Amino acid sequence: IVEEINIKSTLKSIKDELEKRQTATVSNFPNIFITVASIQNSEILRKVSYDMKDESKILSSIIKDGPNKGIHSIIQIDSMDSFGGKIFEDRLLPDFSQRVVTQMNSDNSRKLLGNERAMTLGDNRAYYFWDTKNKLVKFKPFEYPERGFFKSILNSIPNK
């Protein structure tokens, strides 16, 4: 868990790791997973006027180039308006090949799924979409755990 004041330095270190992996002759690096919950609430990642901040640019490059080098990003955001309007550029969306969506309007459903199916989802239903495999699965999501839950999980993992 990274405090907001340390986001830029953490992203820079992950970007440095990505650059190291891109030039390395070996490819058996351990996977790295970046998880950002409620990214729309992060002031440090929010655009200034229409320009992405340095932190968002670094994260965008990790999202785009990281998966081929074992660096994966899981981003939770409240709406497509927040995605393209407040944080990232809309053209970054295809770099998220796997998506989970809940009920939304037809325009956003078309952007995320390529169809309007998410428009008709009821309460406690979601779609898992994997665009590179053309896979769409309907499921029942559960409530997002509290922050303390993740701390307890992380603290239970032995240092290796």
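# A guided tour from helix α2 outwards

Begin by selecting Ser-56, which is found in helix α2. The model on display is a predicted one. Ser-56 has 0% relative accessibility, under the 20% limit, and therefore counts as buried. Display its surroundings next: leaving aside neighbours within four places in sequence, Ser-56 is in contact with Leu-45, Ile-87 and Phe-88.

**The nonpolar core**

Keep Phe-88 selected and add Ile-39 and Leu-59. These three have the most contacts inside the largest nonpolar core, a set of 30 residues. To see where this core draws its members from, colour α1, β1 (32-36), α2 (54-65), β2 (71-75), α3 (80-87), α4 (106-113) and β4 (126-130), each of which supplies at least two of its residues.

Now centre on Ile-39. Which residues does Ile-39 touch, not counting those up to four places away in sequence? They are Leu-45, Leu-59, Ile-75, Gln-76, Ile-77, Ile-87 and Phe-88.

One step back along the chain, select Ser-38, in the loop between β1 and α2. Ser-38 is partly exposed, because its relative accessible area is 27%, between the limits of 20% and 50%. Inspect the backbone here as well: the phi of Ser-38 is near 50°, a positive value in a residue other than glycine. For context, most residues other than glycine have a negative phi.

**Strands β1 and β2**

Select β1 and β2 together. The two strands run parallel and are joined by five bridges. Within this pairing, Ile-32 stands opposite Ile-71 of β2. Adding helix α2 to the selection completes a right-handed β-α-β unit made by β1, α2 and β2.

Hide the rest and look at the two sides of β2. Which residues of β2 are on the covered face, and which on the uncovered one? Ile-71, Ser-73 and Ile-75 are on the covered face, while His-72 and Ile-74 are on the uncovered face. In a regular strand the side chains alternate between the two faces of the sheet.

**Helix α1 and the end of α2**

From Ile-71, move to Glu-17, which is in helix α1 (residues 7-23). Is Glu-17 buried or exposed? It counts as buried, because its relative accessibility of 18% is under 20%. Beyond residues up to four places away in sequence, Glu-17 touches Phe-29, Ile-32 and Ile-71; the last two are the residues that stand opposite each other in the β1 and β2 pairing.

Next select Asp-65, in helix α2. Asp-65 is partly exposed, with a relative accessible area of 31%. Apart from neighbours within four places in sequence, Asp-65 is in contact with Leu-18 and Gln-22. A distance label between the C-alpha atoms of Asp-65 and Glu-19 gives 9.5 Å, for residues 46 apart in sequence.

**The largest pocket**

Turn on a pocket display. The largest pocket holds about 1400 Å³ of space. Its lining comprises 41 residues, of which Ile-75, Gln-76, Gln-98, Arg-99 and Val-100 lie nearest its centre. Ile-75 and Gln-76 have already appeared on this tour, among the contacts of Ile-39. The elements that each supply at least two residues of the lining are β1, α2, β2, α3, β3 (98-101), α4 and β4.

**Strands β3, β4 and β5**

With Val-100 still in view, show β3 and β4, which run antiparallel and are joined by four bridges. The bridge partner of Val-100 in β4 is Tyr-128.

Then add β5 (135-139). β4 and β5 also pair in the antiparallel sense, over five bridges, and Tyr-127 has Lys-138 of β5 as its bridge partner. β4 and β5 form a hairpin with four residues between them.

Finish in that turn with two residues. Lys-133 lies in the loop between β4 and β5 and counts as exposed, because its relative accessibility of 53% is over 50%. Lys-133 and Gln-98 are 35 residues apart in sequence, and their C-alpha atoms are 9.4 Å apart in space. Asn-134, in the loop between β4 and β5, is exposed, with a relative accessible area of 70%. What is the phi of Asn-134? Its phi is positive, about 50°, although Asn-134 is not a glycine.

How values were computed: Residues are numbered from 1 along each chain as its sequence is written. This is a predicted model: local features need pLDDT of at least 70, side-chain atom pairs count only at pLDDT 80 or more; totals for chains, interfaces and linings use all residues. Side-chain values use heavy atoms; hydrogens and water are left out. Buried means under 20% relative accessible area, exposed over 50%, partly exposed in between (1.4 Å probe, protein chains only). Contact means heavy atoms within 4.5 Å. A nonpolar core is a set of buried Ala, Val, Leu, Ile, Met, Phe, Trp, Tyr and Cys residues joined through side-chain atoms within 4.5 Å. Two strands pair if DSSP finds at least two bridges between them. A crossover is right-handed if, with the strands pointing away from the viewer, the path from the first strand over the helix to the second runs clockwise. On a 1 Å grid over the protein atoms alone, a cavity is a set of points where a 1.4 Å probe fits but cannot get out, and a pocket is an open set with protein on both sides within 12 Å along at least five of seven lines; lining residues have an atom within 4 Å of a point. Grid points are joined across faces, edges and corners, and a volume is the space filled by probe spheres set on the points.
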